Amino acid sequence: ESPNLSAALSQLQNKDPDFSKGAFEKFARETFMALQSAWTNKEWEKARPLETDFLFQQHQYWMDCYKHDGLRNVLEDIEITRIDWARIDLDKFFESVTIRIFARMKDYTIREANNDVLSGNPTQLRSFSEYWTFVRRAGVTSKNREATRCPNCGAPLDKVTHVGECEYCQARITRGDFDWILSRIEQDEAYR
């Protein structure tokens, strides 16, 4: 936990009186579960509205590698057990919130042709934690909106282009201009 976390949280709440830790945690949980589902079901296009361009491209690369090799990473029985607040950074251009998500799941990789398990264990839950950082542009405020709708026009997020534009209104929704967007995932050992 950052030593100035409570001061930074107060500053964020002063800038954005509608910001709520509970609402943010709910949003983070929904994002976490949506990404796990998109990954295991090989429907990575469903993750597009949830990640910055850079993070989406990183994940797309690995998704393509699995597909090329005829593999599938299966994530099952997913449960978030705890969320800790790690860091809040505010500057004149961006705001970021980093949380530590504690979770457990079955995580294993199969060869799709014959369902042979190549790594992991399909019967054992694995506990882990990761640091997830969400960003948005400075000046954007919290709004009550559905996570499954475009933050600009309210249309369903079923049509988001590869570059992160809502096909209904052409707004670029993956830069943090309208709402929080996931920009980074770090493992415990890599977090700094």
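Let me start with one residue, W39, whose place is in helix α2, where helices (H or I, at least four residues) and strands (E, at least two) are DSSP runs numbered from the N terminus. This is a predicted model, in which local features need pLDDT of at least 70 and side-chain atom pairs count only at pLDDT 80 or more, while totals for chains, interfaces and linings use all residues. Residues are numbered from 1 along each chain as its sequence is written, and side-chain values use heavy atoms, with hydrogens and water left out.

Is W39 buried or exposed? W39 counts as buried because its relative accessible area is 14%, the cut-offs being under 20% for buried, over 50% for exposed and partly exposed in between, with a 1.4 Å probe and protein chains only. If we leave aside its neighbours within four places in sequence, W39 is in contact (heavy atoms within 4.5 Å) with W44, H59, W62, M63, Y66, N73 and L75. L75 is 36 residues away from W39 in sequence, and the two are 8.1 Å apart in space, C-alpha to C-alpha.

Now the protein as a whole. It has three helices and five strands, and from the N terminus on the elements run α-α-α-β-β-β-β-β. Its C-alpha atoms fill a box of roughly 55 × 40 × 25 Å along the principal axes, and 41% of the 192 residues count as buried. Among contacts between residues at least 6 apart in sequence, 64% join residues at least 24 apart.

Next, the interior. A nonpolar core here is a set of buried Ala, Val, Leu, Ile, Met, Phe, Trp, Tyr and Cys residues joined through side-chain atoms within 4.5 Å. In the largest such core there are 33 residues, and I99 and F134 touch the most other members. The elements giving two or more residues to this core are α1 (5–15), α2 (21–40), α3 (53–68), β1 (71–90), β2 (94–111) and β4 (126–137), with the largest share, seven residues, coming from α2. Apart from this core lies another, of seven residues, among them C150, L157, V160 and C166. Returning to F134, and again leaving aside neighbours within four places in sequence, its contacts include F24, F27, A28, T31, I99 and W180.

Finally, the open and enclosed spaces. On a 1 Å grid over the protein atoms alone, a cavity is a set of points where a 1.4 Å probe fits but cannot get out, whereas a pocket is an open set with protein on both sides within 12 Å along at least five of seven lines, and lining residues have an atom within 4 Å of a point. Grid points are joined across faces, edges and corners, and a volume is the space filled by probe spheres set on the points.

Which residues lie nearest the centre of the largest pocket? They are W39, H59, N73, E130 and Q187, out of 24 lining residues, and about 600 Å³ of space lies in this pocket. α3 gives the most to its lining, with five residues.

The whole structure has two cavities of 30 Å³ or more, and the second largest has a volume of about 40 Å³. W39 appears here too, lining that cavity together with K42, M63, Y66, L71, R72 and N73. The largest share of this lining, three residues, comes from β1.
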